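Subject: Structure handover

Hi,

Here is the structure I promised to pass on. My notes on it follow below.

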Amino acid sequence: MTRAGSVRILVAAGLLLSLEICCRSGIINMTTMIPPSEMLGAIADLARSGRLLKESLPTFRNVTIAFVLAVGLGVIGGTVLHSLPRVRRVLDPLLASYYAVPFFALYPLFVVIFGLNDWPLIMIGIVFAGVAVVVSTLNGIDRVPPVLLKVARIYRMSRTAKVRLVILPAIALPLFTGIKLALAYSFIGILAGEFILASAGIGHAIAFAYDAFDNRTMYGLIAFTLILVTLMNMGLQACERLLLKGRSR
Amino acid sequence: MTQSTAAVGKSRRLQDFALLVACILAAWQALYMIVGDVAITSPVTTLGYAIELLPSSDFRPHLAASLTAFGNALLISYAGGVLLGLTLGFHRFSGEVAEPMLGALYSLPKIALYPIILQIFGLGLSAKVAFGALHGVIPVALFSMNAVRGINPMHLRTARVLRLSSIETVRTIVAPAIIPEIVTGLRVGFSLTLLGVLIGEMFASQHGMGFLLINAINLHDVKMITTLIFVLFLFATVTSAILLAIDRRLHVRV
Amino acid sequence: MTLVREQGSPGSSGPSARPRELAPRSGPATVGASKLHAQLTGVTKLFPAPSGENPVHALGPIDMAVERGEFFAIVGPSGCGKSTLLDILAGLAAPTDGTVVFENKPISGAVPPGIGVVFQEDASFPWLTVWDNVAFGLRRAGLERGETTKRVEHWLRFMGLADFARAHPAHLSGGMRQRVCIARTLVLEPRMILLDEPFGALDQQTRLLMGDELLRLWRATGATVVLITHAIDEACMLADRVGVMTARPGRFADVAVTRWPGDRDSRIVSDPSFGQLTGRVWSILRDESIKAIGHAEGDIGGRSP
Ligand SMILES: Nc1ncnc2c1ncn2[C@@H]1O[C@H](COP(=O)(O)OP(=O)(O)O)[C@@H](O)[C@H]1O
Ligand SMILES: [Mg+2]
């Protein structure tokens, strides 16, 4: 492991340890936050009782569907939009402002359109995450060296062959920035929807525990969510490294 | 010749913009006609309600509360983010240690943290400010750090050859090199801080636009939801367009 | 006027190889119809200016014809439209005016089969290994596996890349990456090869040696070669004819016929007539380069004899 990597682990461990000490010594009130070790214990308890799986399964299933669809549709949308520079110019401020608006407040609208099932939640996730992919696709294609596009024409590629064989591999790196954000945004959209209205899922369970003053369960669920997102993110980073293996010095 | 062609380009862009607005309104109207009053109000109704709502004394304190919280959160995001980013950028090793951690924090769904923020700060201004800053500070820091890392080392060597003092070096070489990227970070930070503040208001406050929004959701006040989203969308898009224009201008100059 | 390349007698390579005529002659940039491979007639290119000023007149009007199997070099001051000319000849860009004919068919809109291009910039695919880069076109053409392997390996060896087959371009030097691009182009056995300053990034020694390799593969493949370069010596040493372009908008100021033997190599630079040839090309190019840099006639041009 690199020196920076070891230091990173030390820093993270140090932060967790000081949080543990602060909580245990009473610097942080136990009713405000429970120590990290307790959070792990809470996760273990939740797992043993089967509640963890029950609460988190719908959320992670929906997030996965939303994330995959957002990436696919986002790449297609970004590629199409890039070929329409006039439309893109006009849409630019919208693409930039998009995240600022809590569109998940339109959840009731989605319920009317898609019915009372998982799809309103998934759609919120797709809509929220897809734009990050569109933006990173656009940025990526902007930076493809023009000479590679000329090469595509020398090989007499069709439009789809050009996208598949040249543009997608060439934008893989900037695209991954968007893909990682898409994971975050599909979680934000779906958790927000669950906080607001849903009757299941980990967001609902966190809100329920909060309202019931069940600190231990609440922290267990929050910690579990954060750990899982971090693990998923690290998985994406590993994919990124694998994909880019050998490409840079 | 130059002026007239530039004017043609500008008027065409205005035309395109008008067309976009028309398309959005048409789509909105069509959606309204399909789903009806239970889910969304029509553009005309919404606009009318917005004009009625915005100056009313019921609404103004909430607007003021949101702007206060947003201003404070933005200040913290910007100051903290730039400071952290510059430090990590100039101190290479710290940057190397911190970058993946910042990246991981950037992609955490911070919305899940709202109960914790509530526990720590209680209902009120500090909770929303904390929530906004939590969202904004990381992208600002990441962009600032990468701005510093992207300084062309040849330019720094040129500064040494020209025997510039460190103040002159910062003024003539470092600042022009990093400012455009930092401004991009500030632009992204602006949007995310706004989102953070609004989420904070929705779940951890009893004042502000976010609070009105969650209240309207709970009361199923469709007119209010649509109008608030419309107003927020307008505000975010106009400010983004301005920031984007500044951003573009700075990037062209480099 | 038809120019037929003289084949030198087998034993006459090396420094002693002498062109048939000592004094290089001028000829037009056109050839007879029977051997015609590609032809530009009245080709002009204007680029629309970015901010509404007058369009940039980059090229022409130009007439040019290249014979089958000929080695044609183009030199010109930077910015005179050489790359633009190559784009048009390859069918990558449409001329504003004029026509382009390749193998008796007009080029319009698309790159015709049979043309290979090596670009000025590094055009290797960074996400593929050297081997996969070179095999790329063959796989697309659906060539059978064994044949693909055979051809790729042949060209990797030819270009001195055999030891780097599994490496990615990022791990190679600029010159080696350019050789990957050359191999990737040649493996498809194009009938006409266009090269845009392919050795621009190399040092002088390597460039001379790469020139030898280029001659070797030109002889080996029998393809028509159009080489764009800013190096006068390179053009004069390699080509059958050297087109000298004017400052932008680029046109041909002169076309010098070298009349080197077919089996020449870089050692002809020590031939006395080589100096004569480069001297003449430089005397034209110098004026044009001064114009291209934008100095007044007397500024640089007047001071030296
Ligand atoms: N896409 C383009 N748009 C506008 N001007 C261009 C474009 N491509 C080339 N030019 C201009 O045309 C001229 C010739 O360019 P180029 O063919 O690349 O020159 P060379 O290869 O001889 O150096 C230059 O002045 C260049 O600025
Ligand atoms: Mg060029």
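Let me start with a buried acid: E70(C) has a relative accessible area of just 3%, under the 20% cut-off, so E70(C) counts as buried. Please keep in mind that this is a predicted model.

**Salt bridges**

What does E70(C) pair with? Its partner in a salt bridge is R241(C), and the closest N and O atoms are 2.3 Å apart. The two sit in distant parts of the chain, 171 residues apart. R241(C) belongs to strand β10 (residues 241–245) of chain C, while E70(C) is in the loop between β3 (56–67) and β4 (71–75). R241(C) is buried too, at 1% relative accessibility.

Chain A has a network. Salt bridges with shared partners join E38(A), D45(A), R48(A) and R216(A). Within that group, D45(A) forms a salt bridge with R216(A), with 2.3 Å between the closest N and O atoms. This pair also links distant parts of its chain. D45(A) is in helix α2 (residues 36–49) and R216(A) is in helix α10 (residues 215–243), 171 residues apart. Are these two buried or partly exposed? D45(A) is partly exposed, at 34% relative accessibility. R216(A) is partly exposed as well, with a relative accessible area of 32%.

Another bridge in chain A runs from K180(A) to E240(A), with the closest N and O atoms 3.2 Å apart. K180(A) lies in helix α8 (residues 159–196) and E240(A) in helix α10, so the pair ties together parts 60 residues apart in sequence. E240(A) is buried, with a relative accessible area of 12%.

Over all chains, the count comes to 24 salt bridges.

**Magnesium site**

Which residues coordinate the magnesium ion (ligand 2)? S83(C) does so through OG, and Q120(C) through OE1, at 2.0 to 2.5 Å. The two come from distant parts of the chain, 37 residues apart. S83(C) is in helix α1 (residues 82–90) of chain C. Q120(C) is in the loop between β7 (115–118) and α2 (130–140) of chain C. Both side chains belong to partly exposed residues: S83(C) has a relative accessible area of 27%, and Q120(C) has 36%.

**A kinked helix in chain B**

Look at helix α8 (residues 166–204) of chain B. A straight helix of 39 residues would span 57 Å, yet α8(B) spans only 46 Å between its end C-alpha atoms. Where is the kink in α8(B)? A kink of about 50 degrees lies at A175(B), shortly before the proline P176(B).

**Nonpolar patch**

There is a nonpolar surface patch of about 580 Å². From chain A, L69(A), L73(A), V112(A), I113(A), F114(A) and W119(A) take part, and V38(B) joins from chain B. Helix α5(A) gives the most, with three residues. Helices α3 (51–82) and α5 (107–114) of chain A each supply at least two. V38(B) is found in the loop between α1 (2–35) and α2 (43–53) of chain B.

**Chain A overall**

Chain A has 10 helices and zero strands. Its C-alpha trace spans about 70 × 55 × 30 Å along the principal axes. Of its 249 residues, 54% count as buried.

Best regards

Note on methods. Residues are numbered from 1 along each chain as its sequence is written. Chains are lettered from A and ligands numbered from 1 in the order in which they are written. This is a predicted model: local features need pLDDT of at least 70, side-chain atom pairs count only at pLDDT 80 or more; totals for chains, interfaces and linings use all residues. Side-chain values use heavy atoms; hydrogens and water are left out. Patches are made of residues with over 30% relative accessible area and no salt bridge: like charges are joined within 9 Å, nonpolar side chains (Val, Leu, Ile, Met, Phe, Trp, Tyr) within 5 Å. Accessible areas come from the Shrake-Rupley method with a 1.4 Å probe; for residues, only the protein chains shown count as cover. A salt bridge is a side-chain nitrogen of Lys or Arg within 4 Å of a carboxyl oxygen of Asp or Glu. Helices (H or I, at least four residues) and strands (E, at least two) are DSSP runs, numbered from the N terminus. Donors are N, O and S atoms within 2.8 Å of the metal (3.2 Å for Na, K and Ca); water is not among the atoms, so sites may look incomplete. Buried means under 20% relative accessible area, exposed over 50%, partly exposed in between (1.4 Å probe, protein chains only). The expected span of a helix is 1.5 Å times one less than its number of residues. The bend at a residue is the angle between axes fitted to the seven residues ending there and the seven starting there.
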